[in-house]
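Student: I would like to take a close look at one part of this structure, and I would be grateful for a single connected account of it.

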Amino acid sequence: LARLEEEEADYAAGQVVHRSGDKHDRLYVVKSGWLFSSFTMPDGRRQIVRIHHAGDVVGLPDLAFPYATVDMTAVNAAVLCPFPKRALDRVIVNAPRLAALLMAPSQ
């Protein structure tokens, strides 16, 4: 799991990490700060569907899709550790119970 946090990316308050429809080949560990996932409804209003805090693994609900299904925005200064989706393969094979614990909150 420590390998999933080797790379870091800083995001300023209000900065969009990704938008719905963007290519989605990475997941993220939230190292600090907090973010929210949302989508824009047909009438233009925004619906916040999830809040992300330090320690969360973000993006698991979109694991099976090649694109993001929600926008993700930093609420305050945040540090994310992006990692390729395929990196979860090793966790699933070598630590299936841990993989189940990672997936449970996304359900």
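Is His-52 buried or exposed, and at what relative accessibility? Please also describe its surroundings and the sheet that lies beyond.

Tutor: The model is a predicted one, and what follows should be read with that in mind. His-52, which has its place in strand S5, counts as buried because its relative accessibility is 5%, and the cut-off for that class is under 20%. Ile-51, also placed in strand S5, which spans residues 46-52, has a relative accessibility of 34% and therefore counts as partly exposed. In a regular strand the side chains alternate between the two faces of the sheet.

The side chain of His-52 makes a polar contact, at 2.6 Å, with the side chain of Ser-37. Leaving aside residues up to four places away in sequence, His-52 touches Gly-33, Trp-34, Leu-35, Phe-36 and Ser-37, and also Val-30, Val-58 and Met-72.

Ile-51, for its part, belongs to a nonpolar patch on the surface, together with Trp-34, Ile-48 and Val-75, and these residues have about 310 Å² of accessible area together. Trp-34 thus links the two descriptions, since this residue is a member of the patch and is also touched by His-52.

Two of the residues that His-52 touches, Val-30 and Val-58, lead on to the sheet. Val-58 lies in S6, where Tyr-28 stands opposite this residue, and strand S3, residues 26-32, pairs with S6 in the antiparallel sense over two bridges. Val-30, in turn, stands opposite Leu-80 in S8, and the pairing of S3 with S8 is likewise antiparallel, running over six bridges. Leu-80 is also the bridge partner, in S8, of Ala-9, and between S1 and S8 the antiparallel pairing extends over three bridges.

Put together, these pairings give an open sheet of four strands in the order S1-S8-S3-S6, with antiparallel pairing. The edges are formed by strand S1 (9-11) and strand S6 (57-58), each of which pairs on one side only. Strand S8, residues 78-84, is mostly covered, with six of its seven residues buried. Strands of a sheet pair through backbone hydrogen bonds, either parallel or antiparallel.

To return to the residue you asked about, His-52 is buried at 5% relative accessibility, and its contacts include Val-58, a residue of S6, which is one of the edge strands.

How values were computed: Residues numbered from 1 in each chain as written. Predicted model: local features only at pLDDT ≥ 70, side-chain atom pairs only at ≥ 80, totals over all residues. Heavy atoms only, no water. Pairing = 2+ DSSP bridges. Patch = residues over 30% accessible without salt bridge, like charges linked within 9 Å, V, L, I, M, F, W, Y side chains within 5 Å. Areas by Shrake-Rupley, 256 points an atom, 1.4 Å probe, with all protein chains shown as cover. Salt bridge = Lys/Arg side-chain N within 4 Å of Asp/Glu carboxyl O. Buried < 20%, exposed > 50% of the residue type's maximum accessible area, 1.4 Å probe, protein only. Polar contact = N/O pair within 3.5 Å; in protein donor to acceptor, adjacent residues only side chain to side chain. Contact = heavy atoms within 4.5 Å.
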